[in-house]
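I opened this notebook to keep track of what I looked up in the structure, entry by entry. The sequence and the model come first, and my notes follow.

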Amino acid sequence: MEKNKIIIGLAIVAIIAVVGFMAADFFIGFDKPQKNVYEFKLDDFTDVDSSLINYTEVLNFNIDIEKMKAVDVDKDDNIYVAGKDKILIYDKNAKFIRQIYTEVEALSLKVSDNNDIYLGARDHVEIWNFEGEKEASWEVLNPRVVITSIALTDSSVFVADAGNKIIYHYNLNGKLKNEIGRKDSIKGIQGFVIPSPYFDIAIGRDNELWVVNSGRHQFEAYDMYGNLKSSWKKTSMNLDGFSGCCNPSNMAILPNGSFVTTEKGIVRIKIHKPSGEFESVVATPKQFDKGTRGLDVAVDSENRIILLDPMRAMIRIFEKDNK
Amino acid sequence: MRYSRTKGYIIEIVLLFTILLSFQTMDVQAQRFPKPEFESGHVQPDTQIALPRSDILEYFDVFVLIVALSVVSWLVLKKRSRRGVFWVSIFSILYFGFYREGCVCSVGSLQNIALALFNPGYKIPLTVIAFFVIPLIFSLFFGRVFCAGVCPLGAIQDIFAWKPMQMKSWLQKLLGLIPYIYFGLAILYAATSTDFIICRYDPFIGIYRLDADFLMFLLGGIFLLTSIFIARPYCRFFCPYGVLLNLFSRVSKNHMTITPSKCIQCKLCENSCPFGAIEEPNMVKIKEPRKNTVRRFLVFTAIIPALIIVGVYVGSQFHQNLAMVHPKVRLAQNIMDLKNNPEIQEDSEYIEPLEIEAFRSAGKSDQQLFTEAKEIIGDFHTGGMILGGFLGLVFGLTLASLSVFKYRTDYEPNKGECFSCARCMDYCPIEEKVGSSE
């Protein structure tokens, strides 16, 4: 009899507990903010093994320019920054030299060996000299054009168009010679997959044109005729590759042929060997503010890495450690 | 002999279950969107989409419901067969439970009806109306035969009632108030298009679908475990549809009786009902003084309206708490909180709730949202008062029923609470005597 009472008592407690659970879940449970269960958490990728970091930030300075988009260095290691309406020029120690009013919103910038400044506005290319005089310009005759990068050789100007996912090859006078990267299964060219306005190009040590096919996480090398000479790719969330819709966003090439890459999403700067193999880390995600993107990068003659950080409105210079 | 009969039953069940499952595989592949072309050569697999149940099968469900109710009514009222009711219960578990995955069930259809009545934009399917109305009609004529063996929620608990124990009458009455509260809340939240809380907290749906989160499985497990000792806890102390069945069954014309003939007061059935739904004879026939009757009448005349008024007042006071469950009201409150305390967002731990993110991207203004939320709170004000008044009435009538003296000469099932499971019939010797005399 006593046992029955205990069992009934426990059963009643269970019923009351169920009522309590339902009421609490319905009336109180709603107060919990619904976190995004599908949220893509990148926290695990922000920690980087310190032994892999081979660079140190040695200098940084603020720059006063709206919509800063591009950075480059000349043969004397002067630093050029382009953005809305102007170009700022500093020497390698961050001493201000001059500013050039351009009245255009530049998305890309490249300085030639004779210090001509090639400026990529949205739909045209402008050439300015070091003294701030406009020397020439030409339009890219293609609808939806968005010029995001320029690369130079002694006789050629290569212009990357993210809107049309193509590279134009001009001579130094702005005459179109050919287009590079159009899908061609016979030549083994898959075409560029560029989901966002980050489409970077650079000239390699053998004068080949390196293109970041960011949607494929791939680097492709072309000769000036548009023939695919080489490529490497690595899709990975880890340090050895690139992830997201389209990475790396920008790159530069070191004199030894290694690539300096910048990424958005998991914001980090890395060095990849000429073969594509991961080499080291320049800057980890923790060294950037949340939401950082559009990190343009250049390399000077001392192998210093010059980084444009639009989020902090700053030029940040990294130097290799003597390990 | 007994063994072979049982074996036969098992084979029949397996066959039936196999046939039912074969219907379930008739999903048709359908491609709703053109497939993307992957440059890598990846071939996207075909998407398997289960089509909605065809109309003919929905009407077939209604047909099965009617047949099952008719069979149970016949088994209870004519055949007086507990075994027959048990096998119908097994069928209901398999068909309405595992095969139909517990939906649409009559219990949940209550909310569809409430939503359809208060929201003209909601077009209620005829089959849902049928699932709601048909068990009530049967209840009106034959008692709660739906509960006896057709409701999959009741059936699964019933087969777990292995060691049922009797509860104190007052405790049963007290816990018996929960379904009325649940009923009122379910109607309120369905009528205001807030939520279908009966479905949300259906403890057996996860078992029938073999898919639920851990807490819902736990809830179902607690109910089934409790069912072993306290028979059908969900039906007795939770089921909101049971509130209506209870009312309809009270006035049923042909409710089952424990004995097929005259009760001989053998008391064999006295403890046979695991639900405590058998009312004992009350032979005291001393006529109550008229003065007492009049006084009691006056007391209840005053108490019941007073409880209703208190209920209305309490309901009106808590309407905002009730309304906070509505997603739009909750969203408005969250946005209001952020406006009043903008520093919340500066906290590094702060994560913007999905609802706010979605609202911001929808492009509606805060003012629009606040206006809509205010209207909803207004609905809850009215609804809260009605709910409070209803619960006040229920408490008052329950109180009255406890103090009203009823004369009974025989052991009788309480028509409202009896599930017509036919267990008590097995204990009545009268049937056997009639049988032997024949």
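I began with the contacts within chain B, taking two residues to be in contact if their C-beta atoms, placed from the backbone, lie within 7 Å. Among those between residues at least 6 apart in sequence, 82% join residues at least 24 apart.

Before going on I noted that this is a predicted model, in which local features need pLDDT of at least 70 and side-chain atom pairs count only at pLDDT 80 or more, while totals for chains, interfaces and linings use all residues. Residues are numbered from 1 along each chain as its sequence is written, and chains are lettered from A and ligands numbered from 1 in the order in which they are written.

Next I looked up the confidence, given as pLDDT, the predictor's confidence in each residue, from 0 to 100. Chain B averages 86, and 87% of its residues score at least 70. For residues 23–33 of chain B the pLDDT is below 50, and this stretch has 11 contacts in the model beyond near neighbours in sequence. I keep in mind that where pLDDT is low, the predicted coordinates should not be read in detail. For the model I wrote down ipTM 0.75 and pTM 0.63.

I then listed the elements of chain B, which has 21 helices and two strands; helices (H or I, at least four residues) and strands (E, at least two) are DSSP runs, numbered from the N terminus.

How do the axes of helix α17 and helix α18 of chain B cross? The axes of α17 (residues 327–340) and α18 (residues 354–362) come within 10 Å and cross at roughly 90°, where axes are lines fitted to C-alpha atoms, for helices over the stretch in contact, and angles run from 0 to 180 degrees between N-to-C directions. That makes α17(B) roughly perpendicular to α18(B), a label for angles of 65 to 115 degrees. In α17(B), Pro327(B), Leu331(B), Asn334(B) and Ile335(B) meet Glu355(B), Ile356(B) and Phe359(B) of α18(B).

Turning to chain A, I found an open sheet of four strands in the order β18-β19-β20-β21, with antiparallel pairing; two strands pair if DSSP finds at least two bridges between them. Strands β18 (250–253) and β21 (278–283) of chain A stand at the edges with a single partner strand each, so one side of each is left without a neighbour in the sheet. Four bridges join β20 (residues 269–272) of chain A to β21(A), and the bridge partner of His272(A) in β21(A) is Phe278(A).

Last, I checked where the chains meet: 17 residues of chain A are in contact with 20 residues of chain B.

Conventions: Parallel < 35°, antiparallel > 145°, perpendicular 65-115°, else oblique.
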